[in-house]
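Hi,

Here is the structure I promised to pass on. Have a look at it first, and then read my notes below.

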Amino acid sequence: MAHTRRTASVADRLLTLYQTEWCPFSSAVREVLTELGVDFVARQVEPWPNERTALRNVAATEQIPVLRTEDGQLYRGMRQIFGYLHEREPWRFAAAHRRRFADHRDARESDATGQLIEYFHGRDELEAVAGSLAEVEVVDASEESRYELRLQGRLIGLAAYRRRNGRIAFTHTEVDESLEGRGFGSQLAAAALSDARRQRLEVVPLCPFIAHDVEQHPEYAELVAFTYREQ
């Protein structure tokens with residue numbers, strides 16, 4: 001029987017980063033790869049170093065991050081990886097990605113990612129409640145850093161934010177899925193933006209839903225922070 005030569009997979013031709021999502025050194029490497037426009041394969045490793053037998057067999061280390069290049073070269077630790085990546089030319093979106101990274105500081109510091117992961121694990125607080133738009137109320141739960149959309153006293157939606165230096169950055173907006181597409185989210189956004197106007201706060205719409213609502217209602221455009229406009 002004739003044997004055909006195995007064609008290398010796409011993954012074999014990409015950089016491979018051994019990493020975890022929670023590791024700040026891994027996160028820094030991923031951000032630089034984004035700035036450079038470099039595609040890569042993320043390989044998850046075990047949470048504790050003494051469990052990382054597979055990584056030790058590949059790279060003779062238990063520490064992360066580790067970068068394996070397309071030709072099999074290994075770079076261990078953030079400093080070595082950065083030294084290698086310095087040789088690469090950035091792509092044309094490097095500066096824009098760097099700016100977006102700075103823009104999203106509020107989302108990182110407010111743990112928007114952690115809040116979204118709670119949704120994945122089915123631990124979000126929202127409830128399915130029957131009712132109409134005329135019955136809802138929006139309250140600023142400042143101790144939770146969010147606007148809450150309530151129906152019959154129960155939480156059906158939220159718009160999370162972070163306030164600092166005269167700005168309010170909206171990081172995440174959510175409405176119970178049983179109420180989606182019925183205008184509840186828009187009412188929440190309108191109330192939050194109107195309250196920002198009342199308090200004379202600049203708005204940074206990191207949340208795509210809030211950003212879309214601003215686009216659909218030009219009367220809110222003047223609230224958007226100048227450095228974030230036209231982005």
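**The first sheet**

Let's start with one pair: Thr-16 has Val-41 in β2 as its bridge partner. Bear in mind as you read that this is a predicted model. The two strands involved are β1, residues 15-19, and β2, and they pair in the parallel sense over 5 bridges.

Zooming out, β1 and β2 belong to an open sheet of 4 strands, ordered β2-β1-β3-β4, with mixed pairing. Which strands are at the edges? They are β2 (40-44) and β4 (74-76), and each of them pairs on one side only. From one strand to the next, the twist averages 20 degrees.

Two helices are worth finding next to these strands. Helix α1 lies across β1 and β2, and its direction is at about 155 degrees to β1. Helix α3, residues 77-85, packs on the sheet too, where it touches β1, β3 (66-68) and β4. The angle between the directions of α3 and β4 is about 135 degrees.

While you are in this part of the chain, look at the step from Ile-64 to Pro-65: that peptide bond is cis, with omega near 5 degrees. Pro-65 sits in the loop between α2 (53-59) and β3.

**The second sheet**

There is also an open sheet of 5 strands, in the order β5-β6-β7-β8-β9, and its pairing is mixed as well. β5 and β9 stand at the edges with a single partner strand each, so one side of each has no neighbour in the sheet. On average, neighbouring strands here are turned by 25 degrees against each other, direction ignored.

At one edge, β5 and β6 pair in the antiparallel sense over 6 bridges. Val-138 stands opposite Leu-149 in β6, if you want a spot to centre on. The two strands form a hairpin, with 4 residues between them. Which residue in the turn has a positive phi? That is Ser-145, at about 55 degrees, even though it is not a glycine. To place it in the sequence, Ser-145 is in the loop between β5 (136-141) and β6 (146-151).

At the other edge, β8 (residues 167-175) and β9 (residues 202-205) pair in the parallel sense over 4 bridges. Ala-169 has Val-204 in β9 as its bridge partner. How does the chain get from β8 to β9, and what is the hand of the crossover? The chain goes through helix α7 (residues 184-198), and this β-α-β crossover is right-handed.

**The largest pocket**

Last, the pocket. The largest one holds about 530 Å³ of space. It is lined by 19 residues, and the closest to its centre are Glu-31, Phe-101, His-104, Arg-108 and Thr-113.

Where does the lining come from? The elements that give two or more residues to it are α1 (24-36), α4 (94-103), α5 (105-109) and α6 (112-120). You have met α1 already, as the helix lying across β1 and β2. By class, the lining has 7 nonpolar, 6 polar and 6 charged residues.

If you open the model yourself, Thr-16 and Val-41 will take you to the β1 and β2 pairing, Ser-145 to the hairpin turn, and Glu-31 to the pocket.

Cheers

Conventions:
Residues are numbered from 1 along each chain as its sequence is written. This is a predicted model: local features need pLDDT of at least 70, side-chain atom pairs count only at pLDDT 80 or more; totals for chains, interfaces and linings use all residues. Side-chain values use heavy atoms; hydrogens and water are left out. On a 1 Å grid over the protein atoms alone, a cavity is a set of points where a 1.4 Å probe fits but cannot get out, and a pocket is an open set with protein on both sides within 12 Å along at least five of seven lines; lining residues have an atom within 4 Å of a point. Grid points are joined across faces, edges and corners, and a volume is the space filled by probe spheres set on the points. Ala, Val, Leu, Ile, Met, Phe, Trp, Tyr, Cys and Pro count as nonpolar, Asp, Glu, Lys and Arg as charged, and the others, Gly among them, as polar. Two strands pair if DSSP finds at least two bridges between them. Axes are lines fitted to C-alpha atoms, for helices over the stretch in contact, and angles run from 0 to 180 degrees between N-to-C directions. Contact means heavy atoms within 4.5 Å. A crossover is right-handed if, with the strands pointing away from the viewer, the path from the first strand over the helix to the second runs clockwise.
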